[in-house]
Amino acid sequence: MKKYKVTMPIILLIVLYASLACGDKNTETPDLPIVPEKTSLSIKADLDVQYQEMIGFGGALTWYSAGLVSSPKKEELYELIFEDLGMDILRLKNWYYPKAYPENKSPELMETEGDKAMWKANEEFYTVAKSRNPEVQVLMSSWGPPASLKNNNHLREGKLKKKDNRFIYAEFAQYWEDMLNHMTFTPDIISIQNEPGYINSGWTTCQWSPRETQEMAGYEEALEAIWEQIKDREDAPAILGPEAENQTAWENFTLVIKDKDYLDYFGWHPYSFDKQADVANVDSWFDQIGNQYNQRPNIMTEYSGLDWLKTARFVHRALTVANSSAYIYWELVWGAPGYTEYPMINIKSSGAYEVTGYYYLMKHFAKYVDKGYQRVGVSSNGSGLEVSAYLNPAADQVTYVVINPADEEFVCQMEVEGKTVQTIQAFQSLKGNYDNQLQASEESAKILVKARSTTTVVVGI
């Protein structure tokens, strides 16, 4: 083999060239990921700007919830619903349909065994709710009068009956007195008719006119008759109305009762909202609810059916645009055969149950915002974050609910105008990954708000 003599200068040149080449490559670092800088924002509560006082958040135990009572895991379920969730308001359905009413007024003999079972279930739901949280409010809503008081003698469809050319408001009011007399508890709030402008052949409904017409009984007249009947009861419940089904019905029914002294709360359902539309489409109507009908607190008493993040944004608008004092999610517990994709908890016929993302979504609002909290002003630097803030009655804690609908994440500095943050806790959910506690430092009071997330932040001041 032929040998070559390599001189020292040549070696030095080779080493120098290699060093320079490597230096250029490391400077460009094409194989390393580029990490973008996160946008830093300030989220600041202003305690001097105050809006509605809160009643709180909750759900409904109505259709398909009997499986809760018979479930072998009901104690676990009751703990989830009435303790872990932080429920403040529970909506129940009136099942008082005695067979052959009014000759028979006893709930021991109902129109159907299903009615009787749910009547008994309501007693248990009330007792458990109040034992776990005495401050929880119970709303009892009615889907219609008994068949004997309707013009078609049927629970489904129909209207209030006429007798001797007059609508039987007095008999309807007596029915409510009888119901309250036969219950083992008194609800905190009653609603005399769920969705008064709507009828359906598939379940109990009753159609009303806002005011009496020749063909149809008036909701206004019925409401007044019931109030007159029960107002002197020692435990007379508060009255909510009209639980209208959509924007048009809300405007028609609320217009005639908005100034009634005996009406304690407005109730509404947003079923006119197109679920495929942008959530901002509700702002015009919600602004009307919050500003033109502000004589008394309003409660969104029934709605569900949106995807997970859209539901969070919808709740946010009910609170910040409609100024709702409470929000009741429709499908709290759902079970066979009524399975849907939107319940907070789904019960299977075997007794097994599934806690869904909607449960954790409502928990973001319910767990650290209770009755008596005050919604206060909050700003977030025009970031596109949807933020609401709530001050506790002792004025030493602020709860923020931060919704990030964007695909960008933010580092957020939590602040309170004129106050120092003493403690901080934060919990965050993304679709499919729920209720994660975040690391948060009291010194910096900063949290990472991930893309397309809902985050609850509780600061002590």
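**Exercise 1. A buried pair**

K260 and E220 join their side chains in a salt bridge, 2.9 Å from N to O. Find which parts of the chain this pair ties together, and whether K260 and E220 are buried or exposed.

*Solution.*
- Step 1: K260 sits in the loop between helix 7 (247–257) and strand 9 (265–268), while E220 belongs to helix 6 (residues 219–230), so the bridge ties together parts that are 40 residues apart in sequence.
- Step 2: E220 is buried, and K260 is buried too. Here buried means under 20% relative accessible area, exposed means over 50%, and partly exposed lies in between, with a 1.4 Å probe and protein chains only.
- Step 3: A salt bridge needs a side-chain nitrogen of Lys or Arg within 4 Å of a carboxyl oxygen of Asp or Glu. Helices (H or I, at least four residues) and strands (E, at least two) are DSSP runs, numbered from the N terminus.

A word on the model before you go on. It is predicted, with local features needing pLDDT of at least 70 and side-chain atom pairs pLDDT 80 or more, whereas totals for chains, interfaces and linings use all residues. Residues are numbered from 1 along each chain as its sequence is written, and side-chain values use heavy atoms, leaving out hydrogens and water.

**Exercise 2. Two further salt bridges and a network**

Compare the surroundings of E228 with K231 and of R313 with E386.

*Solution.*
- Step 1: In the E228–K231 salt bridge, the closest N and O atoms are 3.0 Å apart. E228 is partly exposed, at 40% relative accessible area, and K231 is also partly exposed, at 35%.
- Step 2: R313 and E386 bridge through their side chains at 2.8 Å, N to O. This pair links distant parts of the chain, with R313 in helix 9 (residues 308–320) and E386 in strand 16 (residues 386–391), 73 residues apart. Both of these residues are buried.
- Step 3: Shared partners also join R211, E220, E224 and K260 into one salt-bridge network. The structure holds 22 salt bridges.

**Exercise 3. The overall build**

Why is the protein described as more spread out than a compact globule?

*Solution.*
- Step 1: Start with the elements: the protein has ten helices and 22 strands.
- Step 2: Its radius of gyration is 29 Å, well over the 23 Å that the globule rule gives for 461 residues, so the protein is more spread out than a compact globule. The radius is taken over C-alpha atoms, and the rule is 2.2 Å times the number of residues to the power 0.38.
- Step 3: Along the principal axes, the C-alpha atoms fill a box of roughly 125 × 55 × 40 Å.
- Step 4: Of the 461 residues, 53% are buried.

**Exercise 4. A pocket and a cavity**

What lines the largest pocket, and what lines the largest cavity?

*Solution.*
- Step 1: On a 1 Å grid over the protein atoms alone, a cavity is a set of points where a 1.4 Å probe fits but cannot get out; a pocket is an open set with protein on both sides within 12 Å along at least five of seven lines, and lining residues have an atom within 4 Å of a point.
- Step 2: The largest pocket has 14 lining residues, with W63, W143, W203, E302 and W330 nearest its centre. By class, eight are nonpolar, three polar and three charged.
- Step 3: The largest cavity is lined by N94, W119, N122, E123, M140, M179, M183, T184 and F185. Helix 4 (residues 113–132) contributes the most to this lining, with three residues.

**Exercise 5. Backbone details**

Locate the cis peptide bonds at P102 and P242, then the positive phi angles of D164 and A395.

*Solution.*
- Step 1: The Y101 to P102 bond is cis, with omega near 10°, and P102 lies in the loop between strand 3 (89–93) and helix 4.
- Step 2: G241 and P242 are joined by a cis bond with omega about 0°, and P242 is in strand 8 (residues 238–244).
- Step 3: D164, although not a glycine, has a positive phi of about 55°. The loop between strand 5 (162–163) and strand 6 (166–167) holds D164, which is exposed at 71% relative accessible area.
- Step 4: A395 is not a glycine either, yet its phi is positive, about 60°. A395 is in the loop between strand 16 and strand 17 (397–404) and is partly exposed, at 40%.

Terms used
Nonpolar A, V, L, I, M, F, W, Y, C, P; charged D, E, K, R; others polar.
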